[in-house]
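Subject: Handing over the structure

Hi,

Here is the structure I promised to pass on to you. Please have a look at it first, and then read on for my notes.

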Amino acid sequence: MFRKLVVASLLVSLVVALPQRSQSRSGGGGGGGGDEAGAETLNQDTVINADGSYTYNYETSNGISASQASNDGTNANGNFAFTAPDGVRYEIVYIADENGFQPQGAHLPTEPPAPDHVIKMLEDMRANPPEGADLESLDATLNRLRATLG
């Protein structure tokens, strides 16, 4: 199923990166990094291997760029960037694996610090775990919440 999702996302990215026919736009306003209607693909590479591994990247004349790679066709890492209509450049780096899509970018919100009483409660639970508790998950949650403290 994930392989189909990867192939579908590759196809969508290829379609998006194809040169678009020029279209007239009515009204004012500006595009992000350049003329949206006249954007052209500056470079594009795609490699899909028989073992499921792949890489792709593209860049357009209006400042949109993306790249992604996978060694196994299941887990992937990549990045994409674009300029918003207000002129701000957004860049996202991500990992997509068994833990889901994990983006990072200066503009993305971060988790607020966990309240001390929540960490204390989880530490107490870890010290005296209830029967059948998933200690690995509890440890991961504690580590993530402790990291929010700085």
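**Salt bridges on the helices**

Lys120 and Asp124 join their side chains in a salt bridge, with 2.8 Å from N to O. Both residues belong to helix α2, where they sit 4 residues apart, about one turn of the helix. A general point helps here: an α-helix has 3.6 residues a turn, so residues three or four places apart point the same way. Lys120 is partly exposed, its relative accessible area being 47%, and Asp124 is also partly exposed, at 37% relative accessibility.

Before going further, please keep in mind that this is a predicted model.

How many salt bridges does the structure hold? The count is 4, and two more of them are worth describing. In one, the side chain of Arg146 meets that of Glu123 at 2.9 Å, N to O. This pair links distant parts of the chain, since Arg146 is in helix α3 and Glu123 in helix α2, 23 residues apart. Arg146 is partly exposed with a relative accessible area of 37%, and Glu123 is partly exposed with 32%.

In the other, the side chains of Asp139 and Arg126 come together at 2.6 Å, N to O. Here Asp139 is in helix α3 and Arg126 in helix α2, so the salt bridge ties together parts that are 13 residues apart in sequence. Asp139 has a relative accessible area of 27% and is partly exposed; Arg126, at 29% relative accessibility, counts as partly exposed too.

**The two sides of helix α3**

Helix α3 covers residues 135-147, which makes 13 residues. From its first C-alpha to its last it reaches 18 Å, close to the 18 Å expected at 1.5 Å a residue. Which residues of α3 are buried? They are Leu138, Leu142 and Leu145. Looking down the axis of α3, you will find these buried residues within an arc of 70°, so they line one face of the helix. On the other side of α3, Glu136 and Ala147 are exposed. The cover over the buried residues of α3 includes α2, residues 116-127. Helix α2 therefore appears twice in the α3 story: it is part of that cover, and it supplies Arg126 to the salt bridge with Asp139 of α3.

**Gln68, a buried polar residue**

Now to the strands. Gln68 lies in strand β3, which runs over residues 65-70. Is Gln68 buried or exposed? With a relative accessibility of 11%, Gln68 falls under the 20% cut-off and so counts as buried. Its side chain makes a polar contact with the side chain of Tyr54, at 2.4 Å. Setting aside neighbours within four places in sequence, Gln68 is in contact with Tyr54, Thr55, Tyr56, Ala76, Asn77, Gly78 and Tyr94.

**Aromatic pairs**

Two of the tyrosines that touch Gln68, Tyr56 and Tyr94, turn up again among the ring pairs. The count of aromatic pairs comes to 4. One of them is Tyr56 with Tyr58, which is stacked: the centres are 6.5 Å apart and the planes are at 10°. Both partners are buried, Tyr56 with a relative accessible area of 9% and Tyr58 with 11%.

Another pair is Tyr94 with Phe101, which is tilted, with 5.2 Å centre to centre and 40° between the planes. Tyr94 is buried, with a relative accessible area of 7%. Ring pairs also bring Phe80 in, linking Phe80, Tyr94 and Phe101 into a cluster.

**Asp45 beside Tyr56**

One last spot to visit is Asp45, placed in strand β1, residues 41-48. At 47% relative accessibility, Asp45 counts as partly exposed, whereas Tyr56 is buried. How far apart are Asp45 and Tyr56 in sequence, and what is their C-alpha to C-alpha distance in space? They are 11 residues apart in sequence and 5.4 Å apart in space. Not counting residues up to four places away in sequence, Asp45 touches Thr55, Tyr56 and Asn57. Thr55 and Tyr56 are also among the contacts of Gln68, which lies in strand β3.

Happy browsing, and best wishes!

Notes. Residues numbered from 1 in each chain as written. Predicted model: local features only at pLDDT ≥ 70, side-chain atom pairs only at ≥ 80, totals over all residues. Heavy atoms only, no water. Expected span 1.5 Å × (residues − 1). Buried < 20%, exposed > 50% of the residue type's maximum accessible area, 1.4 Å probe, protein only. Arc of directions from axis to C-beta. Contact = heavy atoms within 4.5 Å. Polar contact = N/O pair within 3.5 Å; in protein donor to acceptor, adjacent residues only side chain to side chain. Phe/Tyr/Trp six-rings, centres within 6.5 Å; stacked < 30°, edge-to-face > 60°.
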